[in-house]
Amino acid sequence: MRAKFSGRIIGCGMSVPEKVLTNFDLEKIVETSDEWITERTGIKERHILRDDEVISTFAIEASKEALNEANLQPEDINLIITATLTPDFLMPSLAILIQNGIGAGRAGAFDLSATCSGFLYALILADQIVKNNPDWHILVVGAEALSRKTNWEDRTTCVLFGDGAGAVVVGGDPSGEKGVIDFILGADGSNWQLLTLKGGGSAYFPFDERLPKDEHYIKMQGREVFKIATRMMEKIALELLERNGLKANDLSLVIPHQANLRIIEYLRERLDLPKEKVFVNIDRYGNTSAASIPIALYEARKQGRIKDGDLLLLVAFGGGFTFAGLLMRW
Ligand code: ACO
């Protein structure tokens, strides 16, 4: 039986560093071209931290904006979940820095690690908690400083990533008509070696000479990851539609993780949807991992592409591999 209450997004915020790195800037760093990057990825530019900036600053700013839109005070927040693979520190967590930064004195706070699917994992968790605690308000943040874990000598990865933060506040909808309808959480660790960030973990000591230098950065076998990503994005989308008796055309908007325009286009074609039903902003931000969906959600709303009562499909994949999909009535 379905719970009476459902988790609903009642406020959104986003914040990205001011510094922009264009494809032409990258041409001066590695052997690449604006033409190659645009054709293969759809990315034109990305925002990245200055050396003296940290991602918590932007996560706090995005959180404050989401709280403001939800018409809530920091003390009204019961829990903060931050999806990230690039927190300022391993300890304390990024969620704790946000808790302190916004002054949410009553809130619990923790980070969640599920790579690019992390924001959807966190949103699904928040929805489930709110179903049992309908008067709770949960701040869900996706924030990444991928530029700090990017190998700027590796042209196969450094053209892909960007930094930024997006945040939403989840609250209960007493009517049970708005919010999360259904979701899929998935993971497959059998190919974990295809996408890794080994430095900073506990398998090696700090400055451990056994760990090659390039393992301190994100390493990826892009072509293999591409194949898995397209297959999983399609599978999750179709499964969610089918088990809810929906057709792709019933969807008002699809918000996919922004990893590569060709992956997004593949999904759009498989769902046989027109371009206006699939949100894209990868051209301006690159892949911001856990921050990509909340940033896209924020921009889609600002552009008037999400209206009251709309049916949304959010779908993501990431290193691990992790997968997640979510159907939501706005
Ligand atoms: N500029 C110019 N040439 C390049 C560049 C570059 N930046 N990068 C690679 N090339 C070259 C390669 O060396 C190769 O040359 P070769 O044929 O002489 O060997 C050629 O371009 C083709 O390389 P491919 O790797 O086959 O290129 P592909 O079309 O697969 O595009 C890409 C690469 C963009 C990485 C793609 O595979 C991709 O998007 N993969 C998925 C990425 C992803 O979604 N990651 C998951 C999330 S990341 C996370 O979780 C943090």
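**Notebook: strand pairing and helix packing**

I began with strand 6 (residues 137-145) and strand 7 (residues 163-173), and I found that they pair in the antiparallel sense over nine bridges. At one position in this pairing I noted A145 of strand 6 standing opposite D163 in strand 7. I keep in mind throughout that I am reading a predicted model.

Next I looked up which helices lie against these strands. Helix 5 (residues 118-132) packs on the sheet, where I listed its contacts as strand 1, strand 4 (79-83), strand 5, strand 6 and strand 7, and its direction makes about 170° with that of strand 6. Helix 3 (residues 55-69) lies across strand 1, strand 6 and strand 7, and I recorded that it runs at about 130° to strand 1.

I then traced the strand order and wrote down an open sheet of five strands, 1-7-6-4-5, in which the pairing is mixed. At its edges I placed strand 1 (6-15) and strand 5 (108-112), each of which pairs on one side only. From one strand to the next, the twist averages 20°.

My last entry concerns strand 11 (residues 253-256), for which I asked: which residues on each of its faces are buried? I found L253 and I255 buried on one side and V254 and P256 buried on the other, so that both faces of the strand are covered. Strand 11 pairs with strand 12 (residues 311-318) in the parallel sense, over four bridges, and within strand 12 I located L313 as the residue standing opposite V254.

How values were computed. Residues numbered from 1 in each chain as written. Predicted model: local features only at pLDDT ≥ 70, side-chain atom pairs only at ≥ 80, totals over all residues. Heavy atoms only, no water. Buried < 20%, exposed > 50% of the residue type's maximum accessible area, 1.4 Å probe, protein only. Helix = DSSP H or I, 4+ residues; strand = E, 2+ residues; numbered from the N terminus. Pairing = 2+ DSSP bridges. Axes fitted to C-alpha atoms, helices over the stretch in contact; angles between N-to-C directions. Contact = heavy atoms within 4.5 Å.
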